[in-house]
Amino acid sequence: MAARSSVSPDSFLPLTAVSFEILLALAEGGRHGYDIMLEIERRTGGRLSLNPGTLYRALDRLVEQGLLDAAFHRVGEERRRLFSLSPLGSAVAAAEAGRLADQVRAARAVRLLKRGA
Amino acid sequence: MRPLHASTRVFRFLLRLYSSRFHHAYGAEMEQVFHRRLARAKDRGTAAFVCELTRAYTDLIASAISERFAAPANTIARDSMYATFARDLKFAARTFLRRPAFFATVVLTLGLGIGAATAIASLVDATILRPLPYPSADRLVALVEESQRFGRTSFAVAFLREFRERLTQYDAIAAFTSTWDVTLTGAGEARTVPAAFVSDGLLELFGARLRSGRLLTPGDEQAASKVAVVSERFWDQTFGRGTPLSGQIIQINDQPVTVVGMLTGDFRMPITSSLAATNRQTAELWLPMATNPFASVRTVAVANIVGRLAPEATLAGARLEVARLPAVLSQSYTHVAADAHYTALSLAVQVAEPVRKPLVALLAAVLVLLLIACANVANLILARSAAQAGELAVRAALGASRARLLQQMMAESLVLAGAGTALGILVAWLAIAAVPSLALGALPPSATIHMNARAATIAGFAGLAVAMLVALVAAVQSSGAAVFSMIRDGTRTTEGRGQGIRAALVFAEVALALVLLVSAGLLARSFWSLSRVDPGFRTDRLLASNVGMPGTRYPTADSRRAFVDRALDRIQAQPGVVQAAAVNRLPLGGSNVLVGVEIEGQPQKEGPVFMDRRVVTDTYFSTLGIPLRSGRAFDTGDRADAVDGRADAAEGVVIVNEAVIRRFWPDGNALDRRLRLMLRPAPGPWLRVIGVVGDVRHHGLDQPAQPEVYVPYAQAAVESMVFLAQTQGDPLQLAEPVRRALQGLDPLLPVRQETPAGLLDASIAEPRLRALLFNGFGLAALLLSALGIYGVVAYAVERRTREIGVRMAFGATRANILGLVMRNGMRTVIAGVAVGLVAAALVTRALRGLLFGVPALDPPTFAGVTGLLLLVAVFAILVPAVRAMRLDSTAALRID
């Protein structure tokens with residue numbers, strides 16, 4: 001844990017759109033790669049449909065950065081890789097959400113966004 | 001499932017672009033996601049599927065590049081790879097729209113090359129690779145007799161039963177005849193219909209599907225029932241669409257025939273061409289073989305016999321088995337020689353064979369053209385990237401990573417490749433749509449040619465591959481040390497490795513273009529020779545009217561003779577008709593029947609003699625302009641019917657052609673010799689040869705004339721004849737008057753008219769099209785090579801502007817400069833020509849089968865093409881050379 005605490009979540013901000021979507025998709029629990037893609041599609045109403053290349057490149061980078069944990073997980077006969085948020089990942093996701101919330105508040109203040117939008 | 005297979009292979013191949021760590025870690029999962037996305041897209045339709053496939057691949061490439069070249073993860077966040085790539089594509093597209101000349105040239109070149117290649121590939125696929133749209137097509141076998149004299153021939157109808165009884169390697173054997181014209185009356189206007197006689201089981205063998213009713217049965221064969229199966233087209237035309245089948249009776253050759261079945265509209269018989277038949281119409285009516293007029297004649301070969309190999313049988317085994325048959329059959333059939341050669345051939349191969357060689361040649365030619373087009377495109381892209389080298393160097397110095405630069409180059413190449421491929425597919429689609437109207441004629445009508453998904457995919461990947469390769473080369477070329485030296489020394493002095501590659505490309509283009517042009521030249525000369533072959537008879541100003549005199553209305557030979565005499569008188573009386581005659585089958589395009597002939601004094605040691613038999617009226621030879629070589633033509637003295645066996649009958653006479661003399665009476669003395677025809681089960685009476693006429697090319701201008709025997713109509717009044725009218729002016733003008741004259745004599749007479757000139761034209765349509773296509777390709781290749789040469793030389797001149805200025809300052813005259821540029825340019829061209837000539841000499845040997853009247857190593861063609869190419873090259877070099885010559889020396893020195 002000593003190594004982790006030396007890395008501040010804020011140093012990862014701002015996240016790319018794809019990265020944040022992935023973190024969001026895993027906020028409720030671990031998922032497999034295909035399920036992450038489906039969840040992102042569902043949440044964005046089909047606007048963001050990730051192809052395998054982009055998806056796994058992003059997942060790989062997030063794992064390297066320590067924001068995600070990848071563990072193998074037995075499903076019947078197969079071994080499938082399950083991605084889940086690491087504690088650092090949760091912290092970074094929260095930090096990014098906070099940053100975006102600040103921006104929304106600022107937009108409301110200058111009436112770019114209507115109240116309740 | 002197959003499409004997924006190929007796409008998976010590509011996916012896996014592209015996966016290897018990633019680092020091995022990434023590949024091993026995520027490869028399997030990525031493939032699964034890929035498949036599931038594809039399956040989803042497939043449900044939405046083909047367009048969605050193709051889009052998804054494209055996006056998946058480009059996304060893979062883009063993220064692979066970023067993974068390979070990316071800086072470590074903890075840096076400034078970037079947008080998703082795919083979004084960046086998409087932006088690059090749009091930027092590339094905008095760049096090109098600002099330089100329309102470059103874009104248009106590349107896209108057009110690629111488009112035409114890919115389009116032509118795809119069209120020809122689809123053609124080849126449909127006609128050679130899959131020529132038979134029948135179930136178990138690869139197990140269908142044609143049984144034929146092969147002889148030195150006549151090539152491949154079919155069999156008499158009686159042999160079908162023999163084959164069925166004696167051959168064990170098949171689970172089905174059946175027979176069919178080539179298309180015969182029969183007359184149809186009693187159902188609307190009288191007309192002739194192309195029909196074929198088939199045995200039971202034949203239609204099933206060719207996968208015929210019924211729309212209603214039934215097919216022919218063994219019972220029909222046994223009883224020689226008067227039934228028929230018809231095509232959907234015949235039905236619609238005769239009874240109207242949607243009329244239900246209910247035992248309608250039609251009159252075929254004036255015999256009542258019940259229609260028992262109707263086939264679906266897509267059924268086609270295969271076309272086999274042999275010495276016996278060159279008719280290429282597709283049958284619309286199928287009658288039982290037992291009702292064929294020659295069904296019981298053992299010496300007339302009308303049946304094409306085909307079989308389907310039994311599951312455990314092999315073609316080799318079948319061949320061995322059938323080869324043993326002649327020895328057995330010769331014991332019960334006297335006219336079968338024990339050493340005759342029977343064999344079994346794959347039906348697919350036999351049907352495709354006439355067109356295989358020419359189409360393969362076409363395919364090779366179009367691929368050469370595609371290569372030349374790709375070389376040109378490569379040259380253009382290389383030139384552009386070299387010109388941009390300076391800009392790239394600056395951007396690299398400012399911090400753009402190699403990955404980004406590569407990505408942008410990829411994007412540009414993809415835009416070019418994509419546009420080129422799209423145009424190519426459009427071109428191919430148009431070309432393929434035009435095929436039927438170009439009437440390639442010899443194409444098996446069983447092949448339906450349409451835009452092949454496989455070919456389009458291949459075309460697409462070809463375009464993509466070319467673009468990628470070229471972009472990579474360009475990227476490699478403009479990276480690394482070369483870039484820095486360019487910034488240091490200015491872009492006008494360094495040649496760079498690029499120049500070497502471009503010169504090599506031009507060299508290759510010139511060599512390939514030469515090979516293509518030589519082939520085109522040889523084919524053009526072949527066609528020209530062919531079109532000048534004398535067919536042996538007059539083809540212009542002739543009108544032919546095919547009629548049928550069915551036995552019910554013309555029961556006796558006398559009645560038919562009387563009709564023909566009256567008809568000839570009537571036709572001759574028409575204004576504009578010079579003379580008239582009649583014959584049973586027209587040369588050049590009618591189906592024909594080979595008849596067994598016994599020659600007096602020449603026992604049949606080598607097997608039966610077969611000849612083409614023509615039944616003609618007296619004025620036939622003069623109407624058709626066939627010269628009489630010796631003896632006399634038929635005249636009224638030959639009128640009595642000798643074969644009727646009447647006491648006062650005149651002797652039977654025949655006239656033969658020169659081919660008969662050459663083969664059977666080489667001493668030249670044919671007059672008064674005798675021969676007899678084996679038309680009925682017993683041989684006919686002896687007939688005396690009274691004249692010899694010139695050869696007529698019946699089967700095609702490139703085929704030698706076959707032995708023919710002419711019998712006077714007076715002595716063999718057959719039922720179906722063609723009336724010929726030699727006209728003063730355009731024969732088609734007289735079509736209506738002649739038709740009315742004939743139908744005035746007999747209103748129920750069906751008349752089908754055509755002109756021999758049209759038939760002649762059709763017989764050379766294929767070589768003409770071939771020559772046209774090859775020459776088209778050749779010309780395109782010449783143009784592309786000229787553009788390629790011009791581009792390289794112009795570019796070289798531009799790069800060496802300063803050097804030229806220096807030379808001028810040191811006293812070089814304008815002429816010197818001109819000579820310098822010309823020499824440098826011509827060096828590559830001459831090297832290309834030299835290699836091209838050697839290659840052409842080797843390649844044209846393969847074309848020998850397609851050439852006519854021209855040797856494969858024809859000096860005038862080789863010399864002429866070389867001269868043409870050199871001339872064009874000189875002009876292509878001259879333009880930039882002259883520009884170099886006109887350079888102002890001080891301006892040249894000032895440029896940097």
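**Close-ups of a two-chain predicted model**

**View 1. Gly418(B) sits in helix α14 of chain B, which runs over residues 402-438.** Everything shown here and below comes from a predicted model. How accessible is Gly418(B)? Its relative accessibility comes out at 38%, so Gly418(B) counts as partly exposed, given that the partly exposed class lies between the buried cut-off of under 20% and the exposed one of over 50%. Look also for Gly463(B), which is 45 residues away from Gly418(B) along the chain. In space, the C-alpha atoms of these two glycines are separated by 7.6 Å.

**View 2. Chain B as a whole has 27 helices and 23 strands.** Of its 896 residues, 53% are buried. The accessible surface of chain B adds up to about 39,300 Å², and carbon and sulfur atoms account for 60% of that. As for how the chain folds back on itself, take the contacts in chain B between residues at least 6 apart in sequence: 80% of them join residues at least 24 apart.

**View 3. Chain A and chain B meet through 25 residues from chain A and 29 residues from chain B.** Which three residues of chain A supply the biggest share of the area it buries against chain B? Pick out Tyr34(A), Tyr56(A) and Arg57(A): together they supply 29% of that area, more than any other three residues. Counting what is buried between the two chains, the area is about 2,300 Å², with 52% of it from carbon and sulfur atoms.

**View 4. Arg21(B) and Glu64(A) pair up across the interface in a salt bridge.** Their side chains come to 3.9 Å, N to O, which makes the cut-off because a salt bridge needs the nitrogen within 4 Å of the carboxyl oxygen. How many salt bridges does the rule find between chain A and chain B? There are five across this interface. Polar contacts are there too, with 11 residue pairs counted between the chains, both partners at pLDDT 80 or more.

**View 5. On the side of chain A that touches chain B, α3 (33-43), α4 (52-64) and β2 (78-85) each supply at least two residues.** Which of the elements gives the most? That's α4(A), with nine residues. Sorted by class, this side of chain A is a mix: 11 nonpolar residues, seven polar ones and seven charged ones.

Technical notes: Residues numbered from 1 in each chain as written. Chains lettered and ligands numbered in written order. Predicted model: local features only at pLDDT ≥ 70, side-chain atom pairs only at ≥ 80, totals over all residues. Heavy atoms only, no water. Contact = heavy atoms within 4.5 Å. Buried area = accessible area lost by both parts, 1.4 Å probe. Polar contact = N/O pair within 3.5 Å; in protein donor to acceptor, adjacent residues only side chain to side chain. Helix = DSSP H or I, 4+ residues; strand = E, 2+ residues; numbered from the N terminus. Nonpolar A, V, L, I, M, F, W, Y, C, P; charged D, E, K, R; others polar. Buried < 20%, exposed > 50% of the residue type's maximum accessible area, 1.4 Å probe, protein only. Areas by Shrake-Rupley, 256 points an atom, 1.4 Å probe, with all protein chains shown as cover.
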